[in-house]
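Subject: Structure for you to look over

Hello,

Here is the structure you will be taking on. Please open it first, and then read the notes below.

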Amino acid sequence: MPNLMEVHGLEKSYTRGTVQIPALQGISLSIAPGDFIAILGASGSGKSSLLNVLGCLDRPTKGTYLFKGTDVESLSNNQLAHIRNKYVGFIFQGFNLLPRATALENVELPLLYNAGAISGKRRQEISLAGLKNVGLEGREYHLPTQLSGGEQQRVAIARALINEPEIILADEPTGNLDSKTSLEIMEIFQRLNREKGITIVLVTHEADIAAFCQRRVYFRDGQIMKDERITL
Ligand code: ADP
Ligand code: MG
């Protein structure tokens with residue numbers, strides 16, 4: 001099967017004042033459909049920078065990135081936005097929910113971009129089912145402040161899944177959660193990968209979180225130190 005995402009000699013540097021900060025220094029990585037990958041490494045090693053490039057939130061400084069065989073360098077910002085909306089679900093450490101919107105409204109949000117194509121009633125049905133799928137039945141009308149951290153992350157997962165993405169990119173999704181809740185969240189990712197075949201790339205620095213993943217890529221100073229595959 002062809003690779004879903006493929007980067008070659010990827011470099012990313014940021015300009016801070018007059019200083020260039022090299023965040024990625026020649027990353028080459030191929031991600032196949034169905035992969036469940038942990039990206040590990042110390043803080044500042046470039047993990048989030050890679051995820052942002054993979055998710056078409058940011059462009060590389062050098063090197064190539066092929067998304068489903070298409071060189072993203074040739075794509076316009078609108079085309080990149082289309083890739084993000086259609087193929088990618090993002091999950092962040094801080095949940096990133098709208099504070100004044102209910103769980104249901106937060107999950108519905110990405111569907112509003114397709115407002116013409118889908119009725120309000122259908123939108124709500126899909127979102128209710130999405131919340132149920134992550135174990136949040138009965139919490140639909142709660143605000144984020146009325147939910148625990150684990151529940152808020154479930155809402156964020158339901159929101160990320162609402163457009164049926166092929167890929168989930170999760171940046172330290174359990175970083176704000178206690179260990180028991182973290183394992184529950186990892187079980188959800190595992191189920192999505194095994195049952196729906198969703199490709200998952202997950203940044204973490206915790207070994208017990210990475211233990212859920214069949215492939216572990218270790219970063220140091222913007223480079224890959226090790227890329228190991230485990231038979232679970
Ligand atoms: P990680 O996610 O592994 O902690 P990052 O990819 O966030 O690493 O950061 C890699 C390096 O790039 C760090 O030195 C960080 O300070 C720097 N960096 C990240 N984002 C920016 C930015 N927007 N502007 C300037 N420097 C940045
Ligand atoms: Mg980071």
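Is Asp221 buried or exposed? With a relative accessibility of 55%, Asp221 counts as exposed, because the cut-off for that class is over 50%. Please keep in mind throughout that this is a predicted model.

Asp221 sits in the loop that runs between β9 (215-220) and β10 (223-229). Its backbone is also worth a look: the phi of Asp221 is near 45 degrees, a positive value in a residue that is not glycine. As background, most residues other than glycine have a negative phi.

Cys56 is another such case, with a positive phi of about 60 degrees although Cys56 is not a glycine. Cys56 belongs to the loop between α1 and β4. Unlike the exposed Asp221, Cys56 is buried, because its relative accessibility of 3% falls under the 20% limit. Cys213 is buried too, at a relative accessible area of 0%. No disulfides turn up when the whole structure is searched.

The antiparallel sheet

Four strands make up an open sheet, in the order β2-β1-β4-β5, with antiparallel pairing. The edges are taken by β2 and β5 (70-71), and each has a single partner strand, so one side of each has no neighbour in the sheet. In general, the strands of a sheet pair through backbone hydrogen bonds, either parallel or antiparallel.

Strand β1 covers residues 5-16 and strand β2 residues 19-31; the two are antiparallel and share 10 bridges. To find your place along this pair, note that Glu11 is opposite Gln25 in β2, and that Ser13 has Pro22 as its bridge partner in β2. The hairpin of β1 and β2 has two residues between the strands, and in it Gly17 takes a positive phi near 65 degrees.

β1 also pairs with strand β4 (residues 62-67), again antiparallel, through five bridges. On that side, His8 has Thr64 in β4 as its bridge partner.

The ligand

Which residues surround ligand 1? They are Tyr14, Arg16, Ile21, Ala23, Ala42, Ser43, Gly44, Ser45, Gly46, Lys47, Ser48 and Ser49. By class, this shell holds four nonpolar, six polar and two charged residues.

Three polar approaches can be picked out. A polar side-chain atom of Arg16 is 3.1 Å from a nitrogen atom of ligand 1. A backbone N or O atom of Gly44 lies 2.7 Å from an oxygen atom of ligand 1. For Gly46, a polar backbone atom is 3.1 Å from an oxygen atom of ligand 1. Taken alone, ligand 1 exposes 560 Å², and the protein buries 66% of that.

The elements that contribute two or more residues to the shell are β1, β2 and α1 (47-54). Of these, α1 gives the most, with three residues.

The parallel strands

How many of the five residues of strand β8 are buried? Strand β8 spans residues 199-203, and five of its five residues are buried, so the strand is largely enclosed by the rest of the structure. Both faces are covered, with Thr199, Val201 and Val203 buried on one side and Ile200 and Leu202 buried on the other. This fits the general pattern for a regular strand, in which side chains alternate between the two faces of the sheet.

β8 pairs in the parallel sense with β3, over four bridges. In that pairing, Ala38 has Leu202 of β8 as its bridge partner. Strand β7 (residues 167-171) also runs parallel to β8, and five bridges join the two. There, Asp171 stands opposite Val203 in β8.

One last residue is Asp35, in the loop between β2 and β3 (36-41). Asp35 counts as buried because its relative accessibility is 8%, under the 20% limit. Asp35 and Ile198 are 163 residues apart in sequence, but their C-alpha atoms are 7.9 Å apart in space.

That is what was found.

Regards

Key. Residues are numbered from 1 along each chain as its sequence is written. Chains are lettered from A and ligands numbered from 1 in the order in which they are written. This is a predicted model: local features need pLDDT of at least 70, side-chain atom pairs count only at pLDDT 80 or more; totals for chains, interfaces and linings use all residues. Side-chain values use heavy atoms; hydrogens and water are left out. Two strands pair if DSSP finds at least two bridges between them. A disulfide is a pair of cysteine sulfur atoms within 2.5 Å. Buried means under 20% relative accessible area, exposed over 50%, partly exposed in between (1.4 Å probe, protein chains only). A residue is near a molecule or strand if one of its heavy atoms lies within 4 Å of it. A polar contact is a pair of N or O atoms within 3.5 Å; within protein, one must be able to donate a hydrogen and the other to accept it, and residues adjacent in sequence count only if both atoms are side-chain atoms. Accessible areas come from the Shrake-Rupley method with a 1.4 Å probe; for residues, only the protein chains shown count as cover. Ala, Val, Leu, Ile, Met, Phe, Trp, Tyr, Cys and Pro count as nonpolar, Asp, Glu, Lys and Arg as charged, and the others, Gly among them, as polar.
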